[in-house]
Amino acid sequence: MILATRSPAIIPATVKRILALLLLACGTLGAQIPRAQPVDPTLRPDSANDLFARGKNLYDSAQTSTDLENRQACFDRAAGIFTTYLNDFPTHPNAEMAWWYLGNSYYQGGRLDEAKRCFHTLLNRYGKGKWAAAAAYTLAADHYNKTEYNLAAPLFERFAQNAAKAEDRSRGNYFAGTCYRMLGQDREAITAFQKVLEDPAGVLFAPQSRLALGHLSVKAGKLPEALAIFEQILASPCQVKLRGEAALHAALTATKLEQTALAEKYLRTIMTTPGMEGFRLDAQTALMANHFTKKEYAKVIEIFRSTALKAEGEKEATRLMIVARSYLRLQQPHEALTHFREVERLVDPQQDMAFQASYYRLLCFFQIEGRHLPDQVDGFLQIYRKSRFEDPRVHTAMLMKAETLFANQDIPAAAKVYSEINASRISEKNRAGLLYQRGWCLAEAGDPQGAIRSLSDFISKYPTDPRLLSAIAKRASAYTAGAEPAKAILDFDRLTAPGTPADLTSFAWLESARLRRSEGKLPDMIVRYQGLLANVKDLKPKLQAEANYWIGQGLTKTNASKDAVPYLEKARALNPETYAKHAGLLLTLGYFAAQNSQQLAAEIDLAIKANYDTDIPEQVLQWAGMQKYNSDDFAAAARFLALVASPKEPRETPKEVWRYLAKARLETGDAEGALSATVNVLEVEDNPGWKADGLLDRGRALLALNRPADARTATDEALALRPQGRTMAGLRILSGDLKLLDNDSAGAAAEYTIVVGFHEDKDLKPLALHKLIAILEKQGDRAGTEKYRRQLQTEFPEWKPPQP
């Protein structure tokens, strides 16, 4: 079994897989299932024994079956029989083994929870013996394969204590030790492995246990003891793979003890012994490292070339790194370069090995092409950082690295390096650049406090530096990110002074306005956006739109909606994709505040077209609808009032909305819609006068729908309420129309005459005159016709008859 060449504190995944396979190879019982020895059924009748035998026969059939469905069925039937047996004969001599067979029937049949309950029952009830051992092993193996080592270890120990066969005792102790080792409980692990070594029957697991003890000794720092253990395994007649692993770790341990000759001996043993091929690349790497340490670079290359085998991942990268560095030390940069590149390909770029390989590769370029390659800094730092950290060149090299990373937009890595640089170790010539660049980088990396410190040092120490204003701008942004708005505003205001370059002036006005916007300080936000528009020429349309919109929004929020209108209109014109809806909504408020019904109507229509009319306040919609009604734009009135009306909950809609929605629909010829609106009017209206008005509109709608009888009913109901003024005049005209429809011309004329004689409504009186003239003309009454025609022309010269 091959264990890790790294930290022995944790067994690597490959070893875990090997152990799991070993457990599976052993079966659920380890060495062998205990033989059942039931009472001989030929001696005397025994129904309990017969029932047990039936279950056992089914269990055996399941074990030998190659058909999965039959196998499952046999296990299920066996489990049922064993369950019956244990219920009926709990004290029968075969009960103990029946618990195990029941548990294993469940286990093999995939019913793991029931199986575990059976095994635990067996352990709790009988405690010791071969069947308890079998149950303990099965449970232990299950926990082990699920990496529940804390639960597996004591069960493996219990298996060992009750093992029916001597070799199973060492098996249990070995796996118990392995569990304890995986848990980091080294003392318990050592005890378990020692039991294996002390067991006369522990031959099968003794080499593995001794190897594990060697790793634990290395972990404990007992290198001489570990070396002796590895050498003992190497000298034993155990499997060649175990001896190969022991030889490798003996060499590694000898290297740590500075016994290089001994280490090389064991490494060469691996290189030449058949069966140890799996360890040869590790041995080759260690051998190369030993010669590299002795500066025998040509020998390193010779060993590397001695085999065409390749490892994978980090192991191969380690071999390549050693040979590449050897080429580099021998001033052969072209050959070294190829291997350094391969190392970088094999390992993660964040790992130290990749970092070193990158440095050495760039150092190869340095030797081949010349000096000024900034990534050479990495290699320099790798060599000198720890030993000469206070040397100014180390910090200058770090500065070079940080500036390179920053220029390549690797902001987090650059910020990390910048933060480690001691500015006092940088030459005065380069210190200003460090403070300035570090401040920018830390700000970009999301470290505003670090950025503020560095930029403040730069600003205070280098007031004549041409980068001063740029540093102030960046510090203002850092103050903003660091939640220090007052300090940010001070810096922004320094940049709005005369003489500041246009880009920084624009930046200061814009970002200070955005800052005030985020704080909710709208008056100052407005001032700053206005400053941006007034002081920055050639401002991009997108920024102009932003400024105009937020000025308009701020004015609206501060109850100056009328003043907001031109800004919002311009924002929408400049950037309709972004501001069409939002500016439009604010414009509706602005036009409403300005009582500009024409513009408001246009905005509402835009909202309807773009499907955001539901965001407009109902108060605004109602006002717009009423204004349109009063200006005889009945279509717009109906359109706007319909947005307020709620047919599902008519009482939630103001009465006036239903009333004028009905009237507007009547005027636009939508009799059906008008009728629907009057239903809601009459449902919510309690005032007799307004109820009569609603009935009038209902009658008109019904007449338009050619339902004269219903229209007459509505008219009569309205008249019964004794309305006054315009409503009464309207009812007289409607009544006249209905009488005329019934061929009662005289009655109709009488109704119209009442309106003409007693009502001075500018809309209804000329209409009554018009209708009366038509009747008289039809009757041939020329005098009457002429009389009322002159009256109509005299009193209402501009009046036009309604379109049919």
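User: Let's start with D670. Where is D670 found?

Analyst: In this predicted model, D670 is found in a loop. The helix before that loop is α34 (655–667), and the helix after it is α35 (671–684).

User: How do I read its accessibility: what does D670 count as?

Analyst: The idea is to look at the relative accessible area: under 20% is buried, over 50% is exposed, and anything in between is partly exposed. D670 has 32% relative accessibility, so it counts as partly exposed.

User: And how many residues apart are D670 and A701 in sequence, and what's the gap in space?

Analyst: Sequence and space are two separate ways to look at a pair. D670 and A701 are 31 residues apart along the chain, while their C-alpha atoms are 8.3 Å apart.

User: Okay, zooming out. How many helices and strands does the protein chain have?

Analyst: Count them up and you get 41 helices and zero strands.

User: What does the radius of gyration tell me about the protein chain?

Analyst: Try holding the value up against a compact globule. With 804 residues, such a globule would come out near 28 Å, but this chain has 49 Å. You can also look at the box that the C-alpha atoms fill: along the principal axes, it's roughly 145 × 105 × 40 Å.

User: What share of the residues in the protein chain is buried?

Analyst: Buried residues are 48% of the 804. As for the surface, the chain exposes about 39,800 Å², and 51% of that comes from carbon and sulfur atoms.

User: Which residues touch the most other members in the largest nonpolar core?

Analyst: General idea first: in soluble globular proteins, nonpolar side chains tend to be buried together. Here, the largest nonpolar core has 110 residues, and W100, F156 and F340 touch the most other members. Helix α6 (residues 130–145) gives the most to this core, namely 11 residues. There's also a second, separate core of 57 residues, with L555, Y579, A637 and A662 among them.

User: Now two asparagines. Is N575 buried or exposed?

Analyst: Use the cut-off again: under 20% means buried. N575 is at 11% relative accessibility, so it counts as buried. N575 is found in a loop, between α29 (561–574) and α30 (576–593). If you skip its neighbours within four places in sequence, N575 is in contact with K542, A545 and A580.

User: And N173, where does that lie?

Analyst: N173 lies in a helix, α8 (residues 166–182). Its relative accessible area is 7%, so N173 is buried. Not counting residues up to four places away in sequence, N173 touches A160, A192, K195 and V196.

User: What about phi? What value does K295 have?

Analyst: Here's the background: most residues other than glycine have a negative phi. K295 isn't a glycine, yet it has a positive phi of about 65°. K295 lies in the loop between α14 (280–293) and α15 (297–305). With 61% relative accessibility, K295 counts as exposed.

User: Let me do one more of those. Where is N743, and is it buried or exposed?

Analyst: N743 has its place in the loop between α38 (725–741) and α39 (745–758). Its relative accessibility is 71%, so N743 counts as exposed. N743 isn't a glycine either, and it has a positive phi of about 65°.

User: Last one: how far apart are the mean positions of the positive and negative charges?

Analyst: You average the places of each kind of charge, then take the distance. For the 102 positive and 95 negative charges of this chain, the mean positions are 6 Å apart.

How values were computed. Residues numbered from 1 in each chain as written. Predicted model: local features only at pLDDT ≥ 70, side-chain atom pairs only at ≥ 80, totals over all residues. Heavy atoms only, no water. Helix = DSSP H or I, 4+ residues; strand = E, 2+ residues; numbered from the N terminus. Buried < 20%, exposed > 50% of the residue type's maximum accessible area, 1.4 Å probe, protein only. Rg over C-alpha atoms; globule rule 2.2 N^0.38 Å. Areas by Shrake-Rupley, 256 points an atom, 1.4 Å probe, with all protein chains shown as cover. Lys, Arg positive; Asp, Glu negative; His and termini not counted. Charge placed at Lys NZ, Arg CZ, Asp CG, Glu CD. Core = buried A, V, L, I, M, F, W, Y, C linked by side-chain atoms within 4.5 Å. Contact = heavy atoms within 4.5 Å.
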